[in-house]
Amino acid sequence: MNRGPNPISNREGYDLWSTDYDLYPNPTLAIDERHFPTQWRHLAGRRILEVGCGTGRHTVKLAAQGNHVTGIDPSPGMLSIAKEKLKGFTDVRLIEADFLTADVSKLQFFDALVVALVLEHIRELPMFFSAARRVLNPGGELHVSEIHPLRAAQGVLAHFKTSEGNEFALESVPHPEGAIERAAEKEGFQLLGIRDALGDQTLAEMNPKWIKHLGNPMIRMWSWIAPVPAGELRR
C-alpha cells in the first residue's frame, strides 16, 4: 500500500536533497528561477541577506549584481553546494544557522532581505517578520516568493524523491490566503506589491508533464518596505 511521502526534518531533508536539488525536475523551482529575480534585479551595491539561500541559486545572481551578500541556511549539505558555486565571489558570506534563532548581533543590518520558498517551513509567521524587521535597516526592502496559497491549500508543499525512488515530505505548513500579508502588516511593513506567476507555455516546454499547470497560479511574490521610525537609518 502506498502510504505517501515519508516525513523528514527540514535540516535532514535538505541535506539529503542537496546533491540533486538543482537538477530535480521541480516546476515550482523553475517558475521561481524565472520570475522571482525580477523583483530584486534593481539591487546593486547593497548589503543583502538571503534567508534560506540553499544551494545558492539566487545568491550567485545577487553577488553578480555587485551586492555584499550574506546567505543563511540551516543545511550544511545545501551550503556546501552553494560554496562551490560562489568560489569566484569575494564579497559573499555563508552562515549555517536557522534565521529565526540566529544571533542577530552577528548578522549586522541589511539594506534588503531576499527569501525564496522558505515561508512554508515557518509555522509562526509573526516570528519571521519580527526577525526580518530586526535585521533590516529602516526603509530596507523585503522580497519574498512562496508557493501560491491556492496550491498550498491543495497540499502542494516541499517534497522530493531520491534516486532510489524514496519520497520524502519536508516540515511545511500551508499558509492560507492573506496570512502572509497580515503578519507583515502587524510588524509595520509597507506592502509595495504582490505578483502571481502562472504556469505558461515556457514551463510546459521544459517538461511535457507540466502542461497541467498551464494558466494556474504557481508562486506568489511580495515586496515590502521595512518600517521607518523617527531618527536616522542604522548603519
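This text walks through a predicted model, taking the sheet, the helices and the pockets in turn.

The sheet is a good place to start. Strands of a sheet pair through backbone hydrogen bonds, either parallel or antiparallel. Here seven strands make up an open sheet, and their order across it is E4-E3-E2-E5-E6-E10-E9. The pairing is mixed. From one strand to the next the twist averages 15 degrees. The edges are taken by strand E4 (92-96) and strand E9 (190-198); each has a single partner strand, so one side of each is left without a neighbour in the sheet. At the E4 edge, strand E3 (residues 68-73) is joined to E4 by five bridges, and these two strands run parallel. Within E3 and E4, Thr70 stands opposite Arg93.

Helix H2 (residues 27-35) lies across four strands of this sheet: strand E5 (110-116), strand E6 (136-147), E9 and strand E10 (217-225). Relative to E10, H2 runs at about 40 degrees.

A second packing arrangement involves two helices. The axes of helix H1 (residues 10-17) and helix H5 (residues 76-85) come within 6 Å and cross at roughly 40 degrees. An angle under 35 degrees would count as roughly parallel, and one of 65 to 115 degrees as roughly perpendicular; H1 and H5 are therefore oblique to each other. On the H1 side the contact is made by Arg11, Tyr14 and Asp15, and on the H5 side by Pro76, Gly77 and Met78. Sorted by class, these residues are three nonpolar, one polar and two charged.

H1 also takes part in the largest pocket, which holds about 1,000 Å³ of space. This pocket is lined by 48 residues, and those closest to its centre are Tyr14, Trp17, Glu120, His121 and Ala158. Tyr14 is thus named both here and in the contact with H5. With four residues, H1 gives the most to the lining. At least two residues each come from H1, H2, strand E2 (47-51), E3 and strand E7 (159-161). By class the lining has 24 nonpolar, 12 polar and 12 charged residues.

The second largest pocket contains about 160 Å³ of space. Its lining consists of Tyr21, Asp22, Tyr24, Pro25, Asn26, Leu29, Ala30, Glu33, Arg57, Met206 and Trp210. H2 provides the largest share of this lining, three residues. Seven of the lining residues are nonpolar, one is polar and three are charged. H2 therefore appears in three settings: it lies across strands of the sheet, supplies residues to the largest pocket and contributes to the second largest pocket.

Terms used. Residues numbered from 1 in each chain as written. Predicted model: local features only at pLDDT ≥ 70, side-chain atom pairs only at ≥ 80, totals over all residues. Heavy atoms only, no water. Axes fitted to C-alpha atoms, helices over the stretch in contact; angles between N-to-C directions. Parallel < 35°, antiparallel > 145°, perpendicular 65-115°, else oblique. Contact = heavy atoms within 4.5 Å. Nonpolar A, V, L, I, M, F, W, Y, C, P; charged D, E, K, R; others polar. Pairing = 2+ DSSP bridges. 1 Å grid on protein atoms, 1.4 Å probe; cavity = no way out; pocket = protein on both sides within 12 Å on 5 of 7 lines; lining within 4 Å. Points joined across faces, edges and corners; volume = space filled by probe spheres on them.
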